[in-house]
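Here is a friendly walk through one protein model, written for someone who likes to keep the structure open while reading. Have a look at the fold, then follow along.

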Amino acid sequence: MGLVFPDHRTGLYQEYILDILFMGLVSTAHLIIKGKKLNIAYLDFAKAFDTVPHQRLLIKLEQHGIDSLLLRWIGNWLSGRKQRVILNGTKSSWIDVLSGVPQGSVLGPILFIVFVNDIDNNLMSKIWKFADDIKIATTIETVMDRDALQSDLDTIWKWTNDWQMRLNISKCKIINVGLDSTHQYNLNENSLQVVREERDLGVMVTDDMEGSRQCEEARKKALKMLGVINRNVNYKSKTVIKRLYCAYVRPHLEYCVQAWHPLYKKDLISLEKVQRRATRMIRGFKNISYEERLKSLKLHSVKYRFLRADLIEVFKILKSGETSDLTEMFKLNSSRTRGNGLKLKKEYVKTAQRLNFFSQRIINEWNSLPENVVSSSSLFKFRKELDKHFTSRKIIFDIYEYA
C-alpha cells in the first residue's frame with residue numbers, strides 16, 4: 001500500500017491512523033484467528049526528513065511525471081538554504097543544507113512520501129508505511145518463510161544504501177506474534193532486537209495482542225490530563241467539565257480502540273473508572289450514582305462507546321468503502337434470512353483471545369442490529385440510528401460492576 005500522510009488541519013488525523021493500524025494490527029489479528037503465526041519487523045529511519053538527498057529526490061519527481069517548470073521550482077525551493085547552531089549565545093558558521101525536506105511546510109512531507117514510496121518494490125512480505133514509520137510482516141510456517149523475511153530486510157537495507165537514507169538499527173525491532181521464536185534477523189549483519197511490545201503509531205502492540213498494555217497507557221494519559229483539569233479549573237460546572245473531558249480526556253481512552261480493544265474485564269473497568277472520576281469532579285455530583293451522572297450529562301458509558309466505535313468501523317468497511325482493503329475480514333452470511341440483510345459469518349475459534357479480535361467480537365452485535373440501522377444511507381445517519389436503537393435497549397449507560 002502507498003504512504004498516507006494526515007492533514008492535522010482537517011481533523012482527520014485519527015481516521016488516517018486508525019486505517020493504517022487496521023491494515024496492520026487488525027489484519028494481523030485476522031491471520032492469527034486462522035491459526036497463523038507471524039514475525040513483524042518495525043523499521044525506523046534515522047533523521048528521516050533531514051537526510052533526503054535533493055538530487056535523488058528530483059530524479060524521482062521527474063520519474064513521477066513532474067514537468068520541468070515545476071521541477072525547477074522545487075529544486076530552487078530546496079537549494080540555497082543554510083543553517084547554523086547557536087549554543088549559549090555562541091554561533092557557529094553558516095553551512096549549506098544539501099539534504100532534507102523543510103519540516104513544518106506543506107510540501108515537505110509530500111516530497112518525503114514520494115521519495116520513500118518505492119521502498120516496498122520486490123518485497124514478498126506485507127508492508128505498511130506511515131511517513132517515516134515502516135513495518136513488514138509475514139506468516140511463519142516453515143524455515144523458508146523466515147528466510148523470505150530476512151531477504152526483504154536485506155532488500156530494504158540495499159534500498160537505503162542506494163538512495164542515501166539510513167535506518168536507525170537500535171530502533172528497529174522484531175515482534176513474534178503467536179510463537180516463541182529464537183530465530184535472529186539481521187540488518188547489515190547487525191542483529192535486530194526481539195521485543196515483546198512496541199509502540200505502533202501511538203498504540204502499544206504486544207506479542208500476545210491482548211490490549212492490556214495499551215489500556216494501561218491510555219488510562220495513565222487520561223488520568224494525567226484529568227489531574228491538570230482538576231488543579232487548574234476552579235469553576236467545575238456541568239458544562240465546563242463535560243467540554244474539557246470530551247476534548248482532552250476521552251480521546252486518550254478511545255484513541256484507535258477498534259484496533260486494541262482490551263481482552264479482560266478488569267482493563268475495561270479501569271478505563272470506565274476514569275470517566276467515573278471525571279463526573280465526580282462536578283459540583284454537587286459526588287453523592288449521585290454514576291448512571292444518574294451520565295444521564296444528567298448526556299454521556300455514554302465507556303463500555304458503550306467502545307461498542308459504538310466497533311460498529312461504526314464495521315459500517316465504514318462494508319458500506320462506505322473507506323477501508324475497502326479490509327473487506328476480506330468479513331463474509332456475508334447468505335444462509336441467514338432473518339434480521340438485517342448484512343449479516344456476517346462468524347468463524348469458529350477456540351480461545352477467548354481470538355474471540356476478542358475485531359473481526360470476531362463484533363459479529364454478534366452487528367448481526368443483532370435491525371435493518372433500518374445497517375441500511376443507513378450515510379455514516380451520519382448510521383450513528384444517529386445506532387444511538388436511537390441502543391437507547392431503546394438502555395445499553396448506552398451499561399457499565400461493569402466495580403469490585
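Let's begin with a term that returns throughout: a residue is called buried when its relative accessible area is under 20%, exposed when it is over 50%, and partly exposed in between, using a 1.4 Å probe and protein chains only. With a relative accessible area of 1%, Cys172 is therefore buried. Cys256 is buried too, at 0%. How many disulfides does the count come to? Taking a disulfide as a pair of cysteine sulfur atoms within 2.5 Å, the count is zero.

A word on the ground rules: this is a predicted model, in which local features need pLDDT of at least 70 and side-chain atom pairs count only at pLDDT 80 or more, while totals for chains, interfaces and linings use all residues. Residues are numbered from 1 along each chain as its sequence is written, and side-chain values use heavy atoms, with hydrogens and water left out.

## The overall picture

The protein has 16 helices and 13 strands; these are DSSP runs numbered from the N terminus, with helices being H or I runs of at least four residues and strands E runs of at least two. Of the 403 residues in the protein, 50% are buried. About 21,100 Å² is exposed, and carbon and sulfur atoms supply 50% of that area; accessible areas come from the Shrake-Rupley method with a 1.4 Å probe, and for residues only the protein chains shown count as cover. A contact means heavy atoms within 4.5 Å. Among contacts between residues at least 6 apart in sequence, 69% join residues at least 24 apart.

## Nonpolar cores

A nonpolar core is a set of buried Ala, Val, Leu, Ile, Met, Phe, Trp, Tyr and Cys residues joined through side-chain atoms within 4.5 Å. Which residues have the most contacts inside the largest one? They are Phe45, Phe112 and Ile136, in a core of 37 residues. The elements that give two or more residues to this core are β1 (38–44), α2 (54–63), α3 (68–78), α4 (107–116), β7 (133–139) and α5 (143–162). Apart from this core lies another, of 30 residues, with Val249, Val274, Phe285 and Leu297 among them.

Phe45 is a good residue to click on. Leaving aside residues up to four places away in sequence, Phe45 touches a list of partners including Phe112, Val116, Ile134, Trp159 and Leu167.

## Aromatic rings and charges

Rings of Phe, Tyr and Trp (its six-membered ring) pair if their centres lie within 6.5 Å; planes under 30 degrees apart count as stacked, over 60 as edge-to-face and the rest as tilted. A search of the whole structure finds 10 aromatic pairs. Two of the stacked ones are set out here.

| Pair | Centre to centre | Angle between planes |
|---|---|---|
| Phe49 and Phe112 | 4.4 Å | 25 degrees |
| Trp73 and Trp77 | 6.3 Å | 5 degrees |

Phe49 lies in the loop between β1 and α2 and Phe112 in helix α4, so their pairing ties together parts that are 63 residues apart in sequence. Phe49 is buried, at 15% relative accessible area, and Phe112 is buried at 0%.

Trp73 and Trp77 are four residues apart in helix α3, so about one helical turn separates them. Trp73 is partly exposed at 48% relative accessibility, as is Trp77 at 23%.

One aromatic cluster is formed by Phe45, Phe49, Phe112, Phe115, Trp159 and Trp163. Charges also meet rings in this model: a charge sits over a ring if NZ of Lys or CZ of Arg is within 6 Å of the ring centre and within 35 degrees of the ring normal. The charged end of Lys60 sits over the ring of Trp163, 4.0 Å from its centre. Likewise, the charged end of Arg81 is over the ring of Trp77, at 5.2 Å from the centre.

## Loops and a helix

Asn188 is a residue other than glycine with a positive phi, near 55 degrees. Asn188 is found in the loop between β9 (186–187) and β10 (190–191), and is partly exposed at 43% relative accessibility. Lys298, also not a glycine, has a positive phi of about 60 degrees. Its place is in the loop between α10 (290–297) and α11 (302–320). Is Lys298 buried or exposed? Lys298 is exposed, with a relative accessible area of 69%.

Finally, Lys220 is found in helix α6 (residues 212–232) and is partly exposed at 47% relative accessibility. The C-alpha atoms of Lys220 and Leu253 are separated by 9.5 Å, with their positions 33 residues apart along the chain.
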